Amino acid sequence: MYWNQSIECMPAGELKKLQYKSLKSLVNNLYSFNAFYHAKMKDANVHPDDITSLDDITKLPFMNKSDLRDNYPTKMFTAPRKDVVRYHVSSGTTGKPTLVGYTKNDIDLWTESLARALTSIGIGDGDIMQVSYGYGLFTGGLGLHYGAEKVGATVLPASTGSTERQLELMMDLDVTAIACTPSYLVHMGDVAKKMGIDLRKDTKLRKAVLGAEPWSDNMRRHIENELGVQAYDIYGTSELSGPMFTECEEKNGIHIWGDTAIVEIIDPETGESLEPGQEGELVMTVLKKEAMPMIRYRIKDLTSVIDEECACGRTSPRIRRITGRSDDMLIIRGINVFPSQVEHTLMQIPELCGQYMIHVDRIGALDYMTVQVEMRPEAFSDKVDDMLKLKKHISSELKRYLNIAVEVELAAPNSLPRFEGKAKRVADRRKM
């Protein structure tokens with residue numbers, strides 16, 4: 001099922017021609033009418049005339065989040081302020097926030113992208129979608145709201161919090177799809193059990209659009225097996241426009257619509273381009289944004305490009321699941337550790353429920369990492385030998401995957417924090 005088949009299934013050669021035409025126009029306009037980009041290109045000794053093919057995109061300078069903060073609030077905007085119809089502000093940053101503006105056409109582009117995305121996973125007319133992302137400055141809630149309405153679905157704008165009420169509404173209104181963070185959906189499943197609700201039997205929920213935090217294939221299997229819903233990854237950042245891209249029903253990579261964006265993967269250290277299949281840092285150019293265009297924006301997320309056509313028939317580039325970030329990895333005694341690696345390991349241990357916390361401390365000159373893991377009720381025991389055996393097994397598995405020894409603490413069922421928004425599973429106390 002396609003939303004716009006002629007674009008989504010465009011032959012690769014035609015798609016590249018379209019991308020080059022859009023890129024050339026974008027570069028010309030920004031060089032001529034945007035002081036920030038003009039100076040950026042002059043400093044890099046590149047002129048629009050130097051862009052004679054799609055490959056020449058590598059001649060253009062990178063953008064970083066620091067550019068957005070340094071030019072806060074609106075110095076990077078290209079649209080007149082009277083044409084800006086909305087602002088969004090990113091969360092979780094230090095210092096000045098990241099502010100993004102949207103024209104009416106930008107909102108329409110965002111909505112169109114999500115209409116394609118939701119259609120690709122079989123959500124449309126007749127569905128009732130519960131949007132349990134936050135509404136407001138965060139882009140997730142409003143983005144999915146507009147996209148779901150665009151494809152003909154009925155929207156329940158639940159936002160976050162009041163989980164018991166959300167579950168009641170899910171049952172009362174026959175909700176068929178939900179959009180939220182994966183950690184919140186797991187939390188909802190836990191609350192449902194306490195309320196005596198079986199999501200498989202007592203609701204019509206069948207699909208979940210999950211993002212805003214890293215999650216693993218093991219987490220997907222956990223959600224699908226435990227809750228009985230099909231789980232799909234969604235991707236985007238506030239700088240790009242918010243969540244715009246999803247997996248299709250094949251669940252084999254996230255489709256990045258080629259007519260709207262150009263994807264590159266680079267070596268995080270050197271900035272050199274990497275080949276398809278090689279993991280590196282995601283760089284994206286958004287081709288049609290009006291209020292705040294983005295050229296070669298270094299997102300810091302780590303992934304790779306899948307160099308083969310998807311079985312669904314769509315020809316746009318695909319990226320693999322985000323494995324971590326080049327700038328938020330933990331370095332423990334010289335070893336790089338990503339929280340997603342910890343989750344991947346823990347989700348393979350049946351005695352655990354998927355809830356965990358990572359604590360990093362510095363004692364003297366050495367760093368130590370402790371992983372708190374919550375057990376399933378049926379695995380919890382007052383037999384010391386059983387608990388020691390389980391703890392040893394978890395420690396062994398973490399060391400095997402992380403290449404570093406970490407301390408493991410077993411936590412009783414329902415004892416670790418739950419998160420209704422983006423999960424905050426790392427407490428790095430070395431910075432305190």
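What follows is a walk through two helices, a buried aspartate, a surface patch and some unusual backbone angles.

The model is a predicted one: local features need pLDDT of at least 70, side-chain atom pairs count only at pLDDT 80 or more, and totals for chains, interfaces and linings use all residues. Residues are numbered from 1 along each chain as its sequence is written, and side-chain values use heavy atoms, with hydrogens and water left out.

Let us begin with helix 3, residues 35-43. Helices here are DSSP runs of H or I with at least four residues, strands are runs of E with at least two, and both are numbered from the N terminus. In helix 3, the buried residues are Phe-36, Tyr-37, Lys-40 and Met-41; buried stands for under 20% relative accessible area, exposed for over 50%, and partly exposed for what is in between, using a 1.4 Å probe and protein chains only. These four sit on the same side of helix 3 because they cover an arc of only 125° around the axis, the arc being that of the directions from the helix axis to the C-beta atoms. An α-helix has 3.6 residues a turn, so residues three or four places apart point the same way. Turned away from the buried side is a face with the exposed residues Ala-35, Lys-42 and Asp-43. Among the elements that cover the buried residues are helix 2 (12-33), helix 4 (65-70) and strand 12 (294-303).

The ends of helix 3 deserve a look too. At the N-terminal end, Asn-34 acts as a cap, with a side-chain oxygen 3.0 Å from the backbone nitrogen of Phe-36. After the helix comes Asn-45, which has a positive phi near 60°.

Helix 7 (residues 163-172) can be read in a similar manner: Thr-163, Gln-166, Leu-167 and Met-170 are its buried residues. They line one face of helix 7, because they fall within an arc of 100° when seen down its axis. Their cover includes strand 3 (128-131), strand 5 (177-180), helix 8 (182-194) and helix 9 (199-202). Asp-174, with a positive phi near 55°, follows helix 7.

Now turn to Asp-259, in the loop between strand 9 (254-255) and strand 10 (261-266). Asp-259 counts as buried because its relative accessibility is 4%. Its side chain makes a polar contact of 2.9 Å with that of Arg-116; such a contact is a pair of N or O atoms within 3.5 Å, where within protein one must be able to donate a hydrogen and the other to accept it, and residues adjacent in sequence count only if both atoms are side-chain atoms. Leaving aside neighbours within four places in sequence, Asp-259 also touches residues including Ile-7, Leu-15, Leu-18, Leu-287 and Lys-288, contact being heavy atoms within 4.5 Å.

Out on the surface, Ile-363 belongs to strand 18 (residues 352-363). Ile-363 is exposed, at a relative accessible area of 56%.

Finally, the backbone. Most residues other than glycine have a negative phi, and most peptide bonds are trans. Yet Ser-162, in the loop between strand 4 (154-156) and helix 7, has a positive phi of about 50°, and this residue is exposed at 53%. Ala-212 has a positive phi of about 75° and lies in the loop between strand 6 (207-210) and helix 10 (217-227); Ala-212 is partly exposed, at 31%. The peptide bond from Tyr-72 to Pro-73 is cis, with omega near 0°, and Pro-73 is in the loop between helix 4 and strand 1 (84-89).
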